[in-house]
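Work through the exercises below with the model open beside you. Try each task before you read its solution.

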Amino acid sequence: MTFKKCLLPSALIILAACNSTNNKELQSVNVEDTSTYITNNTISNYRKTINPKPIASFSKNIPDEFNKWVFSIDVYETKETFKYNIRIKYKELTVTDSLRIPNFGTMPKVILQGGKEPLSCIIGFADKKGNFKEYRKAFIENDKLRIVSLKSYFVGVYQTKK
């Protein structure tokens, strides 16, 4: 019984001692000891001029006997290089949304492609090699506009020590 009473305090002392050494090691690392290399810093985060016209457009007529309705998507530049505003129109409804493109170290290029459904559009971008990357989908379902994310993309930044 006395062995069990001694075991718990001994284990706590050992754990506390191990924990304090790790804290000392963490405290000794300075920011000056590491260097960060950003590989995708060739493109400015802000545009010098903003194009007021859409940089990408998609439009499809909606069959209607009395109205000239359309399902359309226009993409506009913002002051941030990798951020865009999207304006979607369906019949009399106009919706705006934002779009962020990952920084691959090249100027971003937004691409709009028709989807499989009659009133749908895939919103994507060109990667570093020029391949189309699906990002979001805007479509009409039961006479309602829906926007869904298809995929997520991330760009990593790595660090090395001197």
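The exercises cover charged pairs, a buried acid, aromatic rings and two strand residues.

The model is predicted, so local features need pLDDT of at least 70, side-chain atom pairs count only at pLDDT 80 or more, and totals for chains, interfaces and linings use all residues. Residues are numbered from 1 along each chain as its sequence is written, and side-chain values use heavy atoms, with hydrogens and water left out.

**Exercise 1. Salt bridges**

Task: State how many salt bridges the structure holds, then describe the one between lysine 91 and aspartate 143.

Solution.

Step 1. Fix the term. A salt bridge needs a side-chain nitrogen of Lys or Arg within 4 Å of a carboxyl oxygen of Asp or Glu.

Step 2. Give the total. The structure holds seven salt bridges.

Step 3. Take the distance. Lysine 91 and aspartate 143 meet with N and O at 3.1 Å.

Step 4. Place the partners. Lysine 91 is in the loop between strand 4 (83–90) and strand 5 (93–100), and aspartate 143 is in the loop between strand 8 (132–141) and strand 9 (144–149), so the pair ties together parts that are 52 residues apart in sequence. Strands here are DSSP runs of E with at least two residues, numbered from the N terminus.

Step 5. Check accessibility. Buried means under 20% relative accessible area, exposed means over 50%, and partly exposed is in between (1.4 Å probe, protein chains only). Lysine 91 has 22% and is partly exposed. Aspartate 143 has 49% and is also partly exposed.

**Exercise 2. Two further bridges**

Task: Find the salt-bridge partners of aspartate 127 and arginine 146, and classify each residue as buried, partly exposed or exposed.

Solution.

Step 1. Aspartate 127 pairs with lysine 133, at 3.9 Å from N to O.

Step 2. Aspartate 127 is buried at 13%. Lysine 133 is partly exposed at 28%.

Step 3. Arginine 146 pairs with glutamate 141, with the closest N and O atoms 2.9 Å apart.

Step 4. Arginine 146 is partly exposed at 36%. Glutamate 141 is partly exposed, with a value of 36%.

**Exercise 3. A buried acid without a bridge**

Task: Which side chain of opposite charge is nearest to aspartate 74, and how far away is it?

Solution.

Step 1. Locate the residue. Aspartate 74 is in strand 3 (residues 70–77).

Step 2. Sort the charges. Lys and Arg count as positive, Asp and Glu as negative; His and the chain ends are not counted.

Step 3. Find the nearest opposite charge. Arginine 87 is 5.7 Å away, and aspartate 74 has no salt bridge although it is buried.

Step 4. Look for a polar contact. This is a pair of N or O atoms within 3.5 Å; within protein, one must be able to donate a hydrogen and the other to accept it, and residues adjacent in sequence count only if both atoms are side-chain atoms. The side chains of aspartate 74 and serine 57 make one, at 2.7 Å.

Step 5. List some neighbours. Contact means heavy atoms within 4.5 Å. Not counting residues up to four places away in sequence, aspartate 74 touches several residues, including Pro54, Asn85 and Arg87.

**Exercise 4. An aromatic pair**

Task: Classify the ring pair of phenylalanine 125 and tyrosine 135 as stacked, tilted or edge-to-face.

Solution.

Step 1. Set the cut-offs. Rings of Phe, Tyr and Trp (its six-membered ring) pair if their centres lie within 6.5 Å; planes under 30 degrees apart are stacked, over 60 edge-to-face, and the rest tilted.

Step 2. Count. The whole structure has five aromatic pairs.

Step 3. Classify. The centres are 5.7 Å apart and the planes of phenylalanine 125 and tyrosine 135 stand at 85 degrees, so the pair is edge-to-face.

Step 4. Place the rings. Phenylalanine 125 is in strand 7 (residues 120–126) and tyrosine 135 in strand 8, 10 residues apart.

Step 5. Check burial. Phenylalanine 125 is buried at 0%, and tyrosine 135 is buried at 15%.

Step 6. Widen the view. Phe104, Phe125, Tyr135 and Tyr153 form one aromatic cluster.

**Exercise 5. Arginine 136 and valine 148**

Task: Where does arginine 136 lie, and which side chain does its own side chain meet in a polar contact?

Solution.

Step 1. Arginine 136 is in strand 8 and is buried at 16%.

Step 2. Its side chain makes a polar contact with that of aspartate 97, at 3.1 Å. A polar atom of the arginine 136 side chain also lies 2.7 Å from the backbone oxygen of serine 98.

Step 3. Valine 148 is in strand 9 and is partly exposed at 24%. Among its contacts beyond four places in sequence are Arg136 and Phe139.

Methods. Helices (H or I, at least four residues) and strands (E, at least two) are DSSP runs, numbered from the N terminus.
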